[in-house]
Amino acid sequence: MKGFVDKDTCIGCGLCPSLCPEIFEMDDDGKAVAKNVEIPEDTVDSAKEAEESCPVEAITVE
C-alpha cells in the first residue's frame, strides 16, 4: 500500500501529517505530500484514518 495526495485538491490543513507523520508531510508549498514509501503494516490504520479525515478528500491510500 502507498499513500497519495492530490495537490490540486489539497488545502494544506495539516491534518494528515498530524494523524500519520510516517507517511504524510507538508511540502515547501504548504500542501501535503505522501512519502514515496510502502506503508508498513502497523501504520495502515493511521494512513486510512488520514484518508477518511481529509476535509477535501485529497488523500488516497491503496
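This passage walks through helix 2 and the salt bridges of a predicted model.

Helix 2, which spans residues 44-53, makes a good starting point. Val44, Ser46, Ala47 and Ala50 are the buried residues here. Their cover comes from several parts of the chain, including helix 1 (15-19), strand 2 (24-26) and strand 4 (59-61). Take serine 46: its relative accessible area is 19%, and because the cut-off for buried is under 20%, serine 46 makes it into the buried group. Setting aside neighbours within four places in sequence, serine 46 is in contact with Leu19, Cys20 and Glu22.

Just ahead of the helix comes threonine 43, which sits in the loop between strand 3 (32-34) and helix 2. With a relative accessibility of 5%, threonine 43 is buried too. Its contacts, again not counting residues up to four places away in sequence, are Cys20, Glu22 and Ile23.

Helix 2 also has an outward-facing side to its story. Glutamate 52 belongs to this helix and, at 66% relative accessibility, counts as exposed. On the surface, glutamate 52 joins Glu22, Glu41, Asp42, Asp45 and Glu49 in a patch of negative charge. Glu22 therefore turns up in more than one setting: it is part of that patch, and it is touched by serine 46 as well as by threonine 43.

Next come the charged pairs. Side chains of opposite charge can pair when their charged atoms come close. The model holds three salt bridges. One of them stays inside helix 2, where glutamate 51 pairs with lysine 48 and the closest N and O atoms are 3.9 Å apart. These two are three residues apart in the helix, so about one helical turn separates them. Lysine 48 is partly exposed, at 28% relative accessible area.

Lysine 7 is where things get busier. It forms a salt bridge with aspartate 27, with 2.8 Å between the closest N and O atoms. That pair links distant parts of the chain, 20 residues apart: lysine 7 is in the loop between strand 1 (3-5) and helix 1, while aspartate 27 is in the loop between strand 2 and strand 3. Lysine 7 also meets aspartate 29 in a salt bridge, at 3.1 Å from N to O. Aspartate 29 lies in the loop between strand 2 and strand 3, so this pair ties together parts that are 22 residues apart in sequence.

How open are these partners? Lysine 7 is partly exposed at 25%, aspartate 27 is partly exposed at 33%, and aspartate 29 is partly exposed at 48% relative accessible area.

Technical notes: Residues are numbered from 1 along each chain as its sequence is written. This is a predicted model: local features need pLDDT of at least 70, side-chain atom pairs count only at pLDDT 80 or more; totals for chains, interfaces and linings use all residues. Side-chain values use heavy atoms; hydrogens and water are left out. Helices (H or I, at least four residues) and strands (E, at least two) are DSSP runs, numbered from the N terminus. Buried means under 20% relative accessible area, exposed over 50%, partly exposed in between (1.4 Å probe, protein chains only). Contact means heavy atoms within 4.5 Å. Patches are made of residues with over 30% relative accessible area and no salt bridge: like charges are joined within 9 Å, nonpolar side chains (Val, Leu, Ile, Met, Phe, Trp, Tyr) within 5 Å. Accessible areas come from the Shrake-Rupley method with a 1.4 Å probe; for residues, only the protein chains shown count as cover. A salt bridge is a side-chain nitrogen of Lys or Arg within 4 Å of a carboxyl oxygen of Asp or Glu. Lys and Arg count as positive and Asp and Glu as negative; His and the chain ends are not counted. The place of a charge is taken as NZ of Lys, CZ of Arg, CG of Asp or CD of Glu.
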